Amino acid sequence: MHKKRAFIVTDSFLYNHGHTRPITNKLDELGIQHATFFNVEPDPTLASAKAGAAHMSEFQPDVIIALGGGSAMDAAKIMWVLYEHPEADFMDMAMRFMDIRKRVYTFPHMGDKAYFIAIPTSAGTGSEVTPFAVITDEKTGVKYPLADYELMPDMAIIDADCHMTAPKGLTAFSGIDAVTHALEAYASMMATDYTDGLALKALKVIFEYLPRAYENGQNDVKARDEMASAATMAGMAFANAFLGVCHSMAHKLGAFHHIAHGLANALMIDEVLRFNAEERPVKMGTFPQYDHPHTLRRYAEVAEYLGLGGNTDEEKLENLIKAIDELKAKVGIKPTIRDYVADEEDFLGRLDAMVEQAFDDQCTGANPRYPLMSEIKQMYLNAYYGTRVKV
Ligand SMILES: NC(=O)c1ccc[n+]([C@@H]2O[C@H](COP(=O)([O-])OP(=O)(O)OC[C@H]3O[C@@H](n4cnc5c(N)ncnc54)[C@H](O)[C@@H]3O)[C@@H](O)[C@H]2O)c1
Ligand SMILES: [Fe+2]
């Protein structure tokens, strides 16, 4: 591809454990100059992206290689924007839109200076194939998903070799993250036949292989390979159909209480399935092609495809939730937020602020049922206590 200068973005763990070495060895062999930024922290901040972008500006790469989980890939995307468009304003880019394809703010055009390659090491966020980058503004503590097709990587390399060393926690959390991607994409107001196929297949593969990847991931190449593909398929589904209120709530739960992204989704997804399945919601999503609430049927279709049994749609939904709960338990995830956030007073004290930010998240717009803030609050409370107050 006639590239001369490669800039690698990764985190310190992957760098220190030699994960970038096969890449740099190859670049050396090809006579391509390279530099590596390895200070990406989990749930990257705007400040660290700015630091990486400053290095990038000095080095002037014509190709960027992001290696890592969602954190490294997302941070690299933001660095890429800041490198190519230092004039772009973050708050403008972070503006929310009902449909990112019809926004009034034009995202800067990407790719004039550097080609972007993403290599995931977790399965996963799907960031290697999505137009999203989740970044935390360290000044306000707010976690923003930036969304625009300009943020799509030019190339994704899905290689199970990069996933073999993933620890159990990461395997479990990022695996359930992919489950929620597929479920939210399937229920989204913007789901299409194209995204449905990807979402269903991803779910089937994850239900079969995530427990194996969790139990014996260091040795089970087949399980890692299946999970790597499934996470990317789920990514392709939500890159086009978008997500929903589970991710809105997970983003803010993660940012407020320092809970890993996939785990935060795992703790909210049951609530969201019940909430979205309501046939007579207070407010339904507002998108022309979504003319009546039908999400219960959609979830029943998922249960049918996964072969979970049940006679009525209600039974199928319950079987789907049961199967998700069993999957979470198999990979060591506890059932309630309280299991992870012991300080009840702190949780309740900051709940209203978390609710307001979750309502305002970019992901809320594609949810099939439009949530009231009071409903988001009740979902958080149910997920905290393990109660089932109807929302
Ligand atoms: N852009 C998107 O579309 C999108 C979607 C979902 C989530 N996200 C974001 O992704 C982030 C979470 O990403 P993640 O779950 O992949 O975790 P991560 O990138 O934060 O990584 C977690 C830890 O696992 C380590 N690790 C990663 N791969 C490893 C491997 N193969 N072997 C050993 N250790 C490894 C990392 O060094 C790190 O310490 C969150 O910030 C979330 O908001 C983005
Ligand atoms: Fe996610």
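Let's start in a loop. D43 sits between β2, residues 33-40, and α3, residues 46-59. This is a predicted model, so keep that in mind throughout. The phi of D43 is near 50 degrees, a positive value, and the residue is not a glycine. Is D43 buried or exposed? D43 is buried, because 20 other C-beta atoms lie within 10 Å and the cut-off for buried is 20 or more.

Now a second residue with positive phi. Q60 is not a glycine either, and its phi is about 55 degrees. Q60 belongs to the loop between α3 and β3. Here the count is 13 other C-beta atoms within 10 Å, so Q60 is partly exposed.

On to the N-terminal end. K3 lies in the segment before β1, which covers residues 5-11. K3 is partly exposed, with 16 other C-beta atoms within 10 Å. What does K3 touch, leaving aside neighbours within four places in sequence? The contacts are I32, D62, V63 and Y115. Take D62. K3 and D62 are 59 residues apart along the chain, yet their C-alpha atoms are separated by 6.2 Å.

Next, the strands. β4 runs from 115 to 120, and five of its six residues are buried. So Y115, the K3 contact, brings us to β4, residues 115-120. Which strands pair with β4? One is β3, residues 63-68, which runs parallel to β4 and is joined to it by six bridges. Within that pairing, A66 of β3 stands opposite A118 of β4. Another is β7, residues 155-156, also parallel to β4, with two bridges. There, I117 stands opposite M155 in β7. As a reminder, side chains in a regular strand alternate between the two faces of the sheet.Let's turn to the domains. The assignment gives domain 1 as 5-157 and domain 2 as 168-385. Their centres, taken over C-alpha atoms, are 25 Å apart. The contact takes 22 residues from domain 1 and 26 from domain 2. On the domain 1 side, β5 (132-137) and β6 (142-147) each supply at least two residues. Which element gives the largest share of that side? It is β6, with four residues. By class, the domain 1 side has nine nonpolar, nine polar and four charged residues.

Helix α6 covers residues 168-187. Its 20 residues should span 28 Å at 1.5 Å a residue, and the end C-alpha atoms are 29 Å apart, which agrees. Is this helix enclosed? Of its 20 residues, 18 are buried, so α6 is largely enclosed by the rest of the structure.

Last stop, ligand 1. How many residues are around it? There are 32, and F13, G69, G70, S71 and S127 come nearest. Several elements each supply at least two residues of the shell: α1 (12-16), α4 (70-84), β5, α6 and α10 (261-277). The shell draws at least three residues from each of domain 1 and domain 2. Its residues divide into 12 nonpolar, 16 polar and four charged.

How values were computed. Residues numbered from 1 in each chain as written. Chains lettered and ligands numbered in written order. Predicted model: local features only at pLDDT ≥ 70, side-chain atom pairs only at ≥ 80, totals over all residues. Expected span 1.5 Å × (residues − 1). Buried ≥ 20, exposed ≤ 12 C-beta atoms within 10 Å, placed from the backbone. Domains from an automatic or database assignment. Contact = placed C-beta atoms within 7 Å. Nonpolar A, V, L, I, M, F, W, Y, C, P; charged D, E, K, R; others polar. Near = placed C-beta within 6 Å. Pairing = 2+ DSSP bridges.
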